[in-house]
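Welcome! Take a moment to turn the model around before reading on.

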Amino acid sequence: MSARGDRAAGFRGFTLSPLTVMVARRLGIGLITLFMVSLVIFFGVELLPGDFAAAVLGQSGTPETVAALRSRLGLDLPAHIRYLHWLGGMLRGDLGTSLSGEIRIADILGGRLFNTFFLAAYAAVIAVPLAVSLGIVAALHRNSLLDRVINIVTLGAISFPEFFVAYVLVLVFAIQLGWFPSLAQVSADMPFGERLYVCLLPAVTLTMVTTAHMMRMTRAAIINLLSTPYIEMAWLKGIAPWRIIVQHALPNALAPIINVIAVNIAYLIVGVVLVEVVFVYPGLGQLLVDSVSKRDLPVVQVASMIFAATYILLNLLADVLSIVSNPRLLHPR
């Protein structure tokens with residue numbers, strides 16, 4: 001057999017694992033989705049009313065000076081040309097320049113991005129164990145008064161919008177009791193313990209609006225398994241109820257629980273905009289709102305793309321972790 005035939009036979013013998021194929025397929029779908037989102041973000045922002053050059057120059061701006069500033073900033077180019085330049089820069093790692101002060105966007109995003117991820121991680125550390133624990137307790141005492149109270153409280157918390165929950169927490173714990181600051185002002189050199197203290201109210205706000213989803217999924221997944229033969233056998237053997245739930249039911253219910261946890265963590269990162277605005281928290285959401293008000297389009301576009309990419313990647317991670325915890329999902333009926 002020739003060398004070419006040997007190589008062909010070697011390639012035919014090489015097969016990718018089903019998990020690798022699934023990850024590659026989902027990653028491809030994610031990239032296509034991100035490309036479509038980039039189109040929506042760029043041309044959606046283009047539809048915002050007003051003109052940045054005219055807003056910067058104000059009443060002192062003449063048509064000539066406005067035109068000169070638009071030319072210097074590249075705003076006089078057609079929208080599709082500016083989109084191609086913007087997308088090419090993003091692919092090269094060049095996030096562009098802010099129109100306000102002409103500062104590199106990468107320099108603006110550094111601390112803001114860290115603050116947003118810190119707040120989301122802080123809320124997740126509180127929300128995930130709390131939600132899973134409440135789900136286990138509700139499943140152990142299903143249809144009892146405790147189960148109903150847990151469902152009513154969590155559903156009540158998620159029924160209110162984030163800004164309402166935030167203002168209630170500020171009114172009670174910051175203004176009336178004076179336990180916490182009403183504004184979550186943080187800095188790069190702030191000690192870790194002080195940062196945790198200052199960010200507690202925003203983290204609790206995010207916890208309250210995300211716990212219900214994770215709790216109810218945990219409860220439903222465990223209750224669904226309690227009627228299976230191996231769980232009934234564990235009951236007949238006299239194993240303690242908490243051991244049956246934690247050691248036997250919970251490991252087999254991980255797939256849907258992991259999925260809903262990952263989706264809610266994605267929401268914690270993407271949905272912090274209102275919470276950051278209420279607490280004047282210097283994160284990416286606050287920067288996005290400020291940039292929209294200033295019509296600083298490049299910053300708005302980059303911040304929106306970061307939120308979109310984070311959401312897509314966390315959904316991909318949720319799919320992978322669900323399949324790792326339950327390989328049967330690779331072969332649906």
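The questions and answers below walk through this predicted model.

Q: How many helices and strands does the protein chain have?
A: Let's start with the overall build. The model is predicted, and its secondary structure can be counted along the chain. That count comes to 17 helices and 0 strands.

Q: What percentage of the 333 residues in the protein chain is buried?
A: A residue counts as buried when its relative accessible area is under 20%. Applied to the 333 residues of the chain, this gives a buried share of 40%.

Q: Among contacts with a separation of 6 or more, what share comes from residues 24 or more positions apart?
A: One pair shows what such a contact can look like: Val-23 touches Leu-316, and these two are 293 residues apart along the chain. Over the protein chain, the share from residues 24 or more positions apart is 73%.

Q: How far apart are the C-alpha atoms of Val-23 and Leu-316?
A: Val-23 sits in helix H2 and is partly exposed, at 27% relative accessibility. Beyond its neighbours within four places in sequence, Val-23 contacts Leu-316 and Val-320. Between the C-alpha atoms of Val-23 and Leu-316 the separation is 7.7 Å.

Q: Which helix gives the most residues to the lining of the second largest pocket?
A: This pocket has a volume of about 260 Å³. Helices H2 (18–46), H5 (79–91) and H17 (297–325) each supply at least two residues of its lining. With 4 residues, the one that gives the most is H2.

Q: How many residues lining the second largest pocket are nonpolar, polar and charged?
A: The lining includes Leu-31, Phe-35, Met-90, Val-302 and Ile-306. Ser-38 and Gly-93 are also among the lining residues, and both count as polar under the grouping used here. The full division is 10 nonpolar, 2 polar and no charged.

Q: Which two side chains meet in a salt bridge?
A: A search of the whole structure finds 1 salt bridge. Its N to O distance is 2.7 Å, which falls within the 4 Å cut-off. The partners are Arg-219 and Asp-147.

Q: Why does the pair of Arg-219 and Asp-147 tie together parts of the chain that are apart in sequence, and how many residues separate them?
A: Arg-219 belongs to helix H11 (residues 211–225), while Asp-147 belongs to helix H7 (residues 145–159), so their pairing links parts of the chain that are apart in sequence. Arg-219 is buried, at 18% relative accessibility, and Asp-147 is buried at 3%. Along the sequence, the parts they tie together are apart by 72 residues.

Q: Which residues form a cluster linked by ring pairs?
A: The count of aromatic pairs comes to 5. One of them joins Phe-118 and Tyr-122, a tilted pair at 6.1 Å centre to centre with 50 degrees between the planes. Both residues are buried, and both lie in helix H6 (residues 105–140), 4 residues apart, about one turn of the helix. The cluster consists of Phe-114, Phe-118, Tyr-122 and Phe-192.

Q: Which helices do the buried residues of H10 pack against?
A: Helix H10 covers residues 200–208, and its buried residues are Leu-201, Pro-202, Ala-203, Thr-205, Leu-206 and Thr-207. Their packing partners are H6, H8 (162–176), H9 (192–198), H11, H14 (254–270) and H15 (273–278).

Q: Which residues does Thr-210 touch, not counting those up to four places away in sequence?
A: Thr-210 is in the loop between H10 and H11. Thr-210 is buried, with a relative accessible area of 0%. The residues in contact with Thr-210 are Ala-127, Asn-264, Tyr-267 and Leu-268.

Q: Is Thr-211 buried or exposed?
A: Thr-211 lies in helix H11. Outside its neighbours within four places in sequence, Thr-211 is in contact with Ala-127, Leu-130, Ala-131, Leu-134 and Thr-154. With a relative accessibility of 5%, Thr-211 is buried.

Q: What is the phi of Val-280?
A: Val-280 is in the loop between H15 and helix H16 (284–294), and is partly exposed at 34% relative accessible area. Although Val-280 is not a glycine, its phi is positive, at about 50 degrees.

How values were computed:
Residues are numbered from 1 along each chain as its sequence is written. This is a predicted model: local features need pLDDT of at least 70, side-chain atom pairs count only at pLDDT 80 or more; totals for chains, interfaces and linings use all residues. Side-chain values use heavy atoms; hydrogens and water are left out. On a 1 Å grid over the protein atoms alone, a cavity is a set of points where a 1.4 Å probe fits but cannot get out, and a pocket is an open set with protein on both sides within 12 Å along at least five of seven lines; lining residues have an atom within 4 Å of a point. Grid points are joined across faces, edges and corners, and a volume is the space filled by probe spheres set on the points. Buried means under 20% relative accessible area, exposed over 50%, partly exposed in between (1.4 Å probe, protein chains only). Contact means heavy atoms within 4.5 Å. Rings of Phe, Tyr and Trp (its six-membered ring) pair if their centres lie within 6.5 Å; planes under 30 degrees apart count as stacked, over 60 as edge-to-face and the rest as tilted.
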